[in-house]
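Me: Hi! I'm new to reading structures, and I'd like to learn how the words people use are tied to the numbers behind them. Could we go through one together?

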2 protein chains.
Amino acid sequence: MASGRSHRPATRSRGIPEATVARLPLYLRALTALSERSVPTVSSEELAAAAGVNSAKLRKDFSYLGSYGTRGVGYDVEYLVYQISRELGLTQDWPVVIVGIGNLGAALANYGGFASRGFRVAALIDADHALTGRNVAGLPVRHTDELEDIIRDNQVSIGVIATPAGAAQEVCDRLVAAGVTSILNFAPTVLSVPDGVDVRKVDLSIELQILAFHEQRKAGEDLGEAVAAASAGEEKGGLAPRAKTAAAKAAAARTAAAKAVAAAAGKTKRPGPDGDVPAVMPA
Amino acid sequence: MASGRSHRPATRSRGIPEATVARLPLYLRALTALSERSVPTVSSEELAAAAGVNSAKLRKDFSYLGSYGTRGVGYDVEYLVYQISRELGLTQDWPVVIVGIGNLGAALANYGGFASRGFRVAALIDADHALTGRNVAGLPVRHTDELEDIIRDNQVSIGVIATPAGAAQEVCDRLVAAGVTSILNFAPTVLSVPDGVDVRKVDLSIELQILAFHEQRKAGEDLGEAVAAASAGEEKGGLAPRAKTAAAKAAAARTAAAKAVAAAAGKTKRPGPDGDVPAVMPA
DNA sequence: CTATGTGAATCGCTTCACAGCA
DNA sequence: TGCTGTGAAGCGATTCACATAG
């Protein structure tokens, strides 16, 4: 039943809001960069800019961790790096396994960002005997048969699934059964896991689809929208063929460029099944 | 200034909530699976389960698109597939470029999920002359010098950045200057883009860090928390060395297993700089 | 006088519960 | 009767604005 990113829906211990937790790594990265440049302190304003958020949010976020700043001055970079690292659990060493050593799995194995933040790739696992024994990113690929032993021997609690969609749930079940309680899922499937197991999902095609939605908004409305409007009014059952006109629309729209977009957004209507709905949000 | 996922903060045309947009691809995937099994209709309950959300949310989401269901019956699978596809802009063909053909870029180029949903990889681009000319996923890798020409010739409006962090902003600037208005960024950096350009970010190490946070919660509190509590009480400046004890904690905690987690969460306190903070949020 | 830390206002999303339609 | 569609309540996150501390 528990799946997706539902984090202990009822009993949130006392905690840091989930939205804040999701931003801590961002702050940490910005702080690490400052630290490397030997910058001693930052203001919330500067750090917020570096992390890509606004300063009020950043201050509120930090307030959940404690009062780590100095009024009139700012935050001590080194101190904050340590506090955030500790809060995120990065002062510890987390062994992870990557299951599914295809293109993506290999990319993950080679990804430097893991090792640099307390994550250690304990093993690479694949079901393909042609792969097992080979070296990827300096580690031997081991066979799925060994999965349970690997988890136990290395006391792995975090697993990364980079298998095809079809294999993901079974791999997930085995990981969980062997003791893994956090899963990062790259396979395009909804995983179901027991309570107490966290799943985070990274889905490349979903991200692109979200972009396409916004892109369509930018490009479409004032140009080729007759097409969409017409098909929207259709009776059920009449499925329109794929349009193939995006490039033309996009090109035309692109000429208008960035600034025009904001202006256009205001006078724009969405074609809906109900015909024309006036904009609800006044500018 | 505009960066991260801030989508037209003020002027939201009339629209579908962002949270809903982010779920549409999920529904679409579930529906596509049903369609392939020739299932004619689904109830909100069934579809919600397949997509990993609850049915109220799903119905509310669909209500933003229009009234596509039939009371007492459910939703017509084919019809809904089409409507969602159209809403997301997937009835069009979106040429994308991938910049940075390292491990990750290659993985993306090979990723089937792109092609299957209206996205066409128009070109692979890399700065490394050793790579250019080579074939990856059936496409020749082209040099960064050609970037602007490629964007224009193929009328590309969506770009994927899979370069090292250091190169990302410059690539981004060039993409935007050449006409790209949506960017999917895999590089661990905050990109700044002009208004009207959408950026979505996928950060592997951030996802892992979020998992680590929750993992630490599960494992830590009742076991080795003395360590964290002690160091939290320290004066500024005393940076504790990396702990390396995660595995031991995790192992011990894991024995207690999933069910214990929920129970433990209730009686747990966060160690803070101010010592002990009582739970602010009453259960 | 500057920049943090935080109550209070606001916003948007989720959930509830039921009216309305097939 | 069964399931959708949706006002209204609830809840968490963001933003505002200022008291507070250095």
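**Words and the values behind them**

Reply: Happily! Let's start at the DNA: in this predicted model, an N or O atom in the side chain of B:Tyr75 lies 2.8 Å from a phosphate oxygen of DNA strand D.

Me: What makes that pair of B:Tyr75 and DNA strand D a polar contact?

Reply: A polar contact needs a pair of N or O atoms within 3.5 Å. The B:Tyr75 pair is at 2.8 Å, so the pair qualifies. A:Arg23 also has a polar side-chain atom 2.7 Å from a phosphate oxygen of DNA strand D, while the side chain of B:Arg59 has an N or O atom 2.9 Å from a base nitrogen.

Me: How many charged residues does the surface near DNA strand D have?

Reply: There are nine charged residues, along with nine polar and five nonpolar ones.

Me: Let's move to A:Leu104, in helix H5 of chain A. Why is A:Leu104 called buried?

Reply: Buried means under 20% relative accessible area. A:Leu104 has 17%, so the word buried applies. Among the residues A:Leu104 touches are A:Phe186 and B:Leu104.

Me: And why is A:Gly102 called partly exposed?

Reply: A:Gly102 has 37% relative accessibility. Partly exposed covers the range between the 20% limit for buried and the 50% limit for exposed, so A:Gly102 belongs there. You'll find A:Gly102 in the loop between strand S4 and helix H5 of chain A.

Me: Which annotation covers both A:Gly102 and A:Leu104?

Reply: The unreviewed UniProt entry marks them as part of a "binding site". Both also belong to the lining of the second largest pocket.

Terms used
Residues are numbered from 1 along each chain as its sequence is written. Chains are lettered from A and ligands numbered from 1 in the order in which they are written. This is a predicted model: local features need pLDDT of at least 70, side-chain atom pairs count only at pLDDT 80 or more; totals for chains, interfaces and linings use all residues. Side-chain values use heavy atoms; hydrogens and water are left out. UniProt positions are given in the numbering used here, feature names are shortened, and annotations may be inferred rather than shown by experiment. On a 1 Å grid over the protein atoms alone, a cavity is a set of points where a 1.4 Å probe fits but cannot get out, and a pocket is an open set with protein on both sides within 12 Å along at least five of seven lines; lining residues have an atom within 4 Å of a point. Helices (H or I, at least four residues) and strands (E, at least two) are DSSP runs, numbered from the N terminus. Buried means under 20% relative accessible area, exposed over 50%, partly exposed in between (1.4 Å probe, protein chains only). Contact means heavy atoms within 4.5 Å. A polar contact is a pair of N or O atoms within 3.5 Å; within protein, one must be able to donate a hydrogen and the other to accept it, and residues adjacent in sequence count only if both atoms are side-chain atoms. Ala, Val, Leu, Ile, Met, Phe, Trp, Tyr, Cys and Pro count as nonpolar, Asp, Glu, Lys and Arg as charged, and the others, Gly among them, as polar. Lists of a residue's contacts leave out its neighbours within four places in sequence.
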